[in-house]
Amino acid sequence: MKKQVKVKPNSKRQSIEEQPDGSLTVHLKSPPVNGKANEELIALLAERFNVSKSKISIKSGLASKTKLVEIDT
(Lines give C-alpha, C1' and ligand atoms only; values in the text may rest on other atoms or scores of the structure.)
Protein backbone atom coordinates (compact mmCIF):
# COMPACT_ATOMS: atom_id res chain seq x y z
CA MET A 1 0.00 0.00 0.00
CA LYS A 2 1.34 3.44 -0.89
CA LYS A 3 0.44 6.55 1.09
CA GLN A 4 1.08 10.21 0.44
CA VAL A 5 2.39 11.69 3.70
CA LYS A 6 2.80 15.34 4.65
CA VAL A 7 5.28 15.69 7.49
CA LYS A 8 5.32 18.51 10.04
CA PRO A 9 8.58 18.28 12.02
CA ASN A 10 9.31 20.14 15.29
CA SER A 11 5.70 19.80 16.47
CA LYS A 12 4.76 19.86 20.14
CA ARG A 13 2.97 16.53 19.80
CA GLN A 14 3.12 13.33 17.79
CA SER A 15 0.01 12.52 15.81
CA ILE A 16 -1.26 11.04 12.57
CA GLU A 17 -4.30 12.56 10.88
CA GLU A 18 -6.00 10.92 7.92
CA GLN A 19 -7.18 13.44 5.33
CA PRO A 20 -10.38 13.06 3.26
CA ASP A 21 -8.30 12.22 0.15
CA GLY A 22 -6.66 9.27 1.95
CA SER A 23 -3.31 10.99 2.50
CA LEU A 24 -1.80 11.37 5.97
CA THR A 25 -0.59 14.42 7.87
CA VAL A 26 1.98 13.41 10.47
CA HIS A 27 3.16 15.70 13.27
CA LEU A 28 6.64 14.76 14.52
CA LYS A 29 8.59 16.01 17.52
CA SER A 30 11.98 15.44 15.85
CA PRO A 31 13.76 18.14 13.84
CA PRO A 32 14.48 17.40 10.16
CA VAL A 33 18.21 16.89 10.88
CA ASN A 34 20.32 13.80 10.07
CA GLY A 35 17.23 11.74 9.19
CA LYS A 36 15.76 11.92 12.70
CA ALA A 37 12.32 13.00 11.47
CA ASN A 38 12.29 10.17 8.90
CA GLU A 39 13.18 7.62 11.59
CA GLU A 40 10.39 8.93 13.82
CA LEU A 41 7.96 8.86 10.87
CA ILE A 42 8.75 5.20 10.12
CA ALA A 43 8.36 4.26 13.80
CA LEU A 44 4.99 6.04 14.07
CA LEU A 45 3.63 4.51 10.86
CA ALA A 46 4.79 1.03 11.93
CA GLU A 47 2.85 1.44 15.17
CA ARG A 48 -0.23 2.84 13.41
CA PHE A 49 -0.42 0.08 10.77
CA ASN A 50 0.78 -2.66 13.15
CA VAL A 51 3.75 -3.76 11.03
CA SER A 52 7.48 -3.89 11.72
CA LYS A 53 9.63 -0.88 10.84
CA SER A 54 11.37 -2.90 8.12
CA LYS A 55 8.05 -3.15 6.22
CA ILE A 56 7.94 0.65 5.72
CA SER A 57 10.05 2.49 3.17
CA ILE A 58 10.13 6.07 1.94
CA LYS A 59 9.93 5.83 -1.86
CA SER A 60 10.31 9.54 -2.61
CA GLY A 61 10.73 12.81 -0.75
CA LEU A 62 13.48 11.86 1.71
CA ALA A 63 14.45 15.52 2.11
CA SER A 64 10.95 16.91 1.48
CA LYS A 65 7.93 17.53 3.71
CA THR A 66 5.77 15.62 1.23
CA LYS A 67 6.73 11.97 0.99
CA LEU A 68 5.52 8.83 -0.74
CA VAL A 69 5.66 5.95 1.72
CA GLU A 70 5.19 2.27 0.90
CA ILE A 71 3.84 -0.04 3.59
CA ASP A 72 4.09 -3.82 3.06
CA THR A 73 1.20 -5.43 4.89
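**Note on helix α1, strand β2 and their salt bridges**

1. The buried residues of helix α1 are covered by a set of elements that includes β1, β2, β3, β4 (56-60) and β5 (66-71). This is a predicted model, and the points below should be read as statements about that model.

2. Which residues of α1 are buried? They are A37, N38, E40, L41, I42, L44, L45 and A46. The list therefore holds N38 and E40 as well as residues such as L41, I42 and L44, and buried here means under 20% relative accessible area.

3. The length of α1 agrees with expectation: its 14 residues should span 20 Å at 1.5 Å a residue, and the end C-alpha atoms are 20 Å apart. Just after the helix, N50 takes a positive phi of about 55°.

4. Strand β2 (residues 15-18) contains S15. It runs antiparallel to strand β3 (residues 24-27), and 4 bridges join the two. Together β2 and β3 form a hairpin with 5 residues between them. In the turn, G22 has a positive phi of about 95°.

5. Is S15 buried or exposed? S15 counts as buried because its relative accessibility is 16%, and the cut-off for buried is under 20%. The bridge partner of S15 in β3 is H27. Once neighbours within four places in sequence are set aside, S15 is in contact with T25, V26 and H27. H27 thus appears both as the bridge partner of S15 and among its contacts.

6. The side chain of S15 also makes a polar contact of 2.5 Å with the side chain of R13. R13 has a second partner, E17, and their side chains meet in a salt bridge (3.8 Å, N to O). For anyone checking this pair, the relevant cut-off is 4 Å between the side-chain nitrogen and the carboxyl oxygen. R13 counts as partly exposed at 44% relative accessibility, and E17 also counts as partly exposed, at 32%.

7. How many salt bridges does the model have? The count comes to 4. One of them joins the side chains of E18 and K3 (3.5 Å, N to O). This pair links distant parts of the chain, with E18 in strand β2 and K3 in strand β1 (residues 2-8), 15 residues apart. K3 is buried, because its relative accessible area is 13%, whereas E18 is partly exposed at 47%.

8. E18 has a further salt bridge, to the side chain of R48 (3.5 Å, N to O). E18 lies in β2 and R48 in helix α1 (residues 36-49), so the pair ties together parts that are 30 residues apart in sequence. R48 counts as partly exposed, at 40% relative accessibility.

9. Which residues are joined into one network by salt bridges that share partners? They are K3, E18 and R48. E18 takes part in the salt bridge with K3 and in the salt bridge with R48. In terms of elements, K3 is in β1, while E18 is in β2 and R48 in α1.

Key. Residues are numbered from 1 along each chain as its sequence is written. This is a predicted model: local features need pLDDT of at least 70, side-chain atom pairs count only at pLDDT 80 or more; totals for chains, interfaces and linings use all residues. Side-chain values use heavy atoms; hydrogens and water are left out. Buried means under 20% relative accessible area, exposed over 50%, partly exposed in between (1.4 Å probe, protein chains only). A polar contact is a pair of N or O atoms within 3.5 Å; within protein, one must be able to donate a hydrogen and the other to accept it, and residues adjacent in sequence count only if both atoms are side-chain atoms. Contact means heavy atoms within 4.5 Å. Two strands pair if DSSP finds at least two bridges between them. The expected span of a helix is 1.5 Å times one less than its number of residues.
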